[in-house]
Amino acid sequence: MDNHRKEVQTGAQAQHRLVDLIKDIRFAMITTRAADGRLHSHPMTTQTRRDDEDHLWFFMSRSSDVLHDIRTTPSVNISYAHPGKDRYVSVSGTARVVDDRAIAEALWNPMAQAWFPGGVQDPDLAADDAGVVQFDQGGRGGGRGGGHRSGGSGARGAQLKDWTKVGRR
């Protein structure tokens, strides 16, 4: 018997659920596909704010492999893990580079200064917008079930069918 459980949520319900799951997880691993077809994962800090729940934003270097990969093949997977709370989230989506200084200024925080010493005006700074298609959550940290182990008990996902604004501004 398959104990894998999926809850389908749409619109604002799914947006809030995703933000609640990742809000206290500082780092994400973004997986991209390189030109040679291999998958590569890159550690990144999510720049999303609570008042912009329909976007996952990241700052990236314009000269980075991850940015090149996204421009070539925009399909990405973004993984979040909080072992202390037994919370694991996998986000599938489509990423794009956004050349908009107003967005970079709105997302800017002092921690980004370590990677972009020129601040929000740094010519190497690129904002990446990951348009979420689906996310899945495993572990006990998000609610019912005994965790996502072999057999899939307790795993949950959300299809973001009503997110028409995702990836567009």
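Which residue of β5 does S75 stand opposite? The legends below take up this question and a few others, using a predicted model of the protein.

**View 1. The whole chain, from helix to strand.** Welcome to the overview: the predicted model holds 3 helices and 7 strands. Starting at the N terminus, the elements follow the order α-β-β-β-α-β-β-α-β-β. Of the 169 residues, 44% count as buried. About 8,900 Å² of the protein is exposed, and carbon and sulfur atoms supply 52% of that area. Looking at contacts between residues at least 6 apart in sequence, 66% join residues at least 24 apart.

**View 2. The hairpin of β4 and β5.** Here is the reply to the opening question: S75 stands opposite T94 in β5. Strand β4 covers residues 75-82, and its antiparallel pairing with β5 runs over 8 bridges. The two strands form a hairpin, with 4 residues between them. While you are at the turn, have a look at D86, whose phi is positive, at about 50 degrees.

**View 3. β5 alongside β6.** Moving on from the hairpin, strand β5 (residues 87-98) is joined to β6 by 11 bridges, and the two run antiparallel. T94, the residue that S75 stands opposite, has G131 as its bridge partner in β6. Another pair to find in this view is Y88 and G138, the latter in β6.

**View 4. β6 and its pairing with β3.** Is strand β6 largely enclosed or largely open? Of its 14 residues (125-138), 11 are buried, so the strand is largely enclosed by the rest of the structure. Buried here means under 20% relative accessible area. Strand β3, residues 56-61, also pairs with β6, in the antiparallel sense and over 6 bridges. One contact to pick out is M60 of the chain, whose bridge partner in β6 is A126. As a reminder when tracing side chains, those of a regular strand alternate between the two faces of the sheet.

**View 5. The largest pocket and its lining.** The largest pocket has a volume of about 670 Å³. How many residues line this pocket? The lining is made up of 28 residues, and those nearest the pocket centre are R26, M44, T45, T46 and Q47. Helix α1 (11-22), strand β2 (39-45) and strand β3 each supply at least two residues of the lining. Sorted by class, the lining has 16 nonpolar, 8 polar and 4 charged residues. Strand β3 thus links two of these views: β3 pairs with β6, and β3 also contributes to the pocket lining.

Notes:
Residues numbered from 1 in each chain as written. Predicted model: local features only at pLDDT ≥ 70, side-chain atom pairs only at ≥ 80, totals over all residues. Heavy atoms only, no water. Buried < 20%, exposed > 50% of the residue type's maximum accessible area, 1.4 Å probe, protein only. Pairing = 2+ DSSP bridges. 1 Å grid on protein atoms, 1.4 Å probe; cavity = no way out; pocket = protein on both sides within 12 Å on 5 of 7 lines; lining within 4 Å. Points joined across faces, edges and corners; volume = space filled by probe spheres on them. Nonpolar A, V, L, I, M, F, W, Y, C, P; charged D, E, K, R; others polar. Contact = heavy atoms within 4.5 Å. Areas by Shrake-Rupley, 256 points an atom, 1.4 Å probe, with all protein chains shown as cover.
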